[in-house]
Amino acid sequence: MIKVMDRLLLFLYTLIIGISVIFFLVVSFGWVPFATSENFLNNLYYEGTVAYPAIAVGVFVLLVTFRFFYVSVRRGRGQVPSIDQRTDFGDIRISLETVENLSLKSAGRVRGVKDLRARVSVTDAGLDVVIRAVVDGENSIPDLSEEIQRSVKTHIEDVTGIPVAKVSVFIANVVQSQTFKSRVE
């Protein structure tokens, strides 16, 4: 609710500032005759019907300025990016870091994969998971990639209940596994 109110205040604030800037530009370029400007200022000083709305707008702009200043300097609550779900028993918040760790855990179970990294983002269709891996070069890369995708998708959906829209696998490198034959003399 507060975010909606801040957006409304920002809209009104921007509208008032924009109109004020246009007014001052028109007056500065001399497009308004001096007599009209003098008449407006005279009414602003001596007529309540002109002065009171101007005072109200000025107080409103000043209060909104204080509000925006407060919002800009206050410390954030440090909220961790998360996925929020509502159940019959209450709310569930799962951090994106948790989902990344689940991705790494399930991808790490695939044989022939090393040096894993994961990045998770939330889309309208569900979670978008990107896995970066280094493979051993002894197994088929398309088969490994498919197995990683299948494993990550099913594991995340089973554990969190959140649909996974896409699992992308990026094979960063191939490293040869080093096997040394011991030499007996």
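**Note on the predicted model**

1. **Composition and order.** The protein chain contains five helices and five strands. The coordinates come from a predicted model, and the points below should be read accordingly. Starting at the N terminus, the order of the elements is α-α-α-β-β-α-β-β-α-β. The chain thus opens with three helices in succession and ends on a strand.

2. **Overall dimensions.** The radius of gyration of the protein chain is 31 Å, whereas a compact globule of 185 residues would have a value near 16 Å. Along the principal axes, the C-alpha trace extends over about 110 × 45 × 30 Å. Of the 185 residues in the protein chain, 23% are buried. Among contacts in the protein chain with a separation of 6 or more, 57% are between residues 24 or more positions apart.

3. **Packing of α2 on α3.** Helix α2, which covers residues 34–46, packs against α3 with the two axes 6 Å apart and an angle of about 80° between them. Because angles of 65 to 115 degrees count as roughly perpendicular, α2 and α3 are placed in that class. On the α2 side the contact is made by F40, N43, L44 and Y46, and on the α3 side by G48, V50, A51 and A54. By residue class, this contact comprises six nonpolar and two polar residues, with no charged residue taking part.

4. **Salt bridges in total.** How many salt bridges does the structure hold? The count is seven. Three of the pairs are described in the points that follow: D6 with R67, D91 with R86, and R150 with E146.

5. **The pair D6 and R67.** A salt bridge joins the side chains of D6 and R67, with an N to O distance of 2.9 Å. The two residues are 61 residues apart and belong to distant parts of the chain, D6 lying in helix α1 (residues 2–28) and R67 in helix α3 (residues 48–73). Is D6 buried or exposed? The relative accessibility of D6 is 16%, and D6 is therefore buried, since the cut-off for that class is under 20%. R67, by contrast, has a relative accessible area of 23% and is partly exposed. With neighbours within four places in sequence set aside, D6 is in contact with R67, F68 and V71. The salt-bridge partner R67 is thus included among the contacts of D6.

6. **The pair D91 and R86.** The side chains of D91 and R86 also form a salt bridge, here with an N to O distance of 3.4 Å. D91 is exposed, at 54% relative accessibility. R86 is likewise exposed, with a relative accessible area of 71%. Both assignments follow because the exposed class begins over 50%.

7. **The pair R150 and E146.** In the salt bridge between R150 and E146, the closest N and O atoms are 3.6 Å apart. Where do these two residues stand relative to each other in helix α5? R150 and E146 are four residues apart in that helix, so about one helical turn separates them. R150 has a relative accessible area of 48% and is partly exposed. E146 falls into the partly exposed class as well, with a value of 45%.

8. **H155 in helix α5.** H155 is located in helix α5, which spans residues 141–160. The relative accessible area of H155 is 13%, so H155 is buried. Which residues does H155 contact once its neighbours within four places in sequence are left aside? The contacts are L102, K105, S106 and R109.

9. **S82 in strand β1.** S82 belongs to strand β1, which consists of residues 82–87. At 24% relative accessibility, S82 is partly exposed. Not counting residues up to four places away in sequence, S82 touches R93, I94, S95 and L96. The C-alpha atom of S82 is separated from that of Y13 by 31 Å, the two residues being 69 residues apart along the chain.

Methods:
Residues numbered from 1 in each chain as written. Predicted model: local features only at pLDDT ≥ 70, side-chain atom pairs only at ≥ 80, totals over all residues. Heavy atoms only, no water. Buried < 20%, exposed > 50% of the residue type's maximum accessible area, 1.4 Å probe, protein only. Contact = heavy atoms within 4.5 Å. Salt bridge = Lys/Arg side-chain N within 4 Å of Asp/Glu carboxyl O. Axes fitted to C-alpha atoms, helices over the stretch in contact; angles between N-to-C directions. Parallel < 35°, antiparallel > 145°, perpendicular 65-115°, else oblique. Nonpolar A, V, L, I, M, F, W, Y, C, P; charged D, E, K, R; others polar. Rg over C-alpha atoms; globule rule 2.2 N^0.38 Å.
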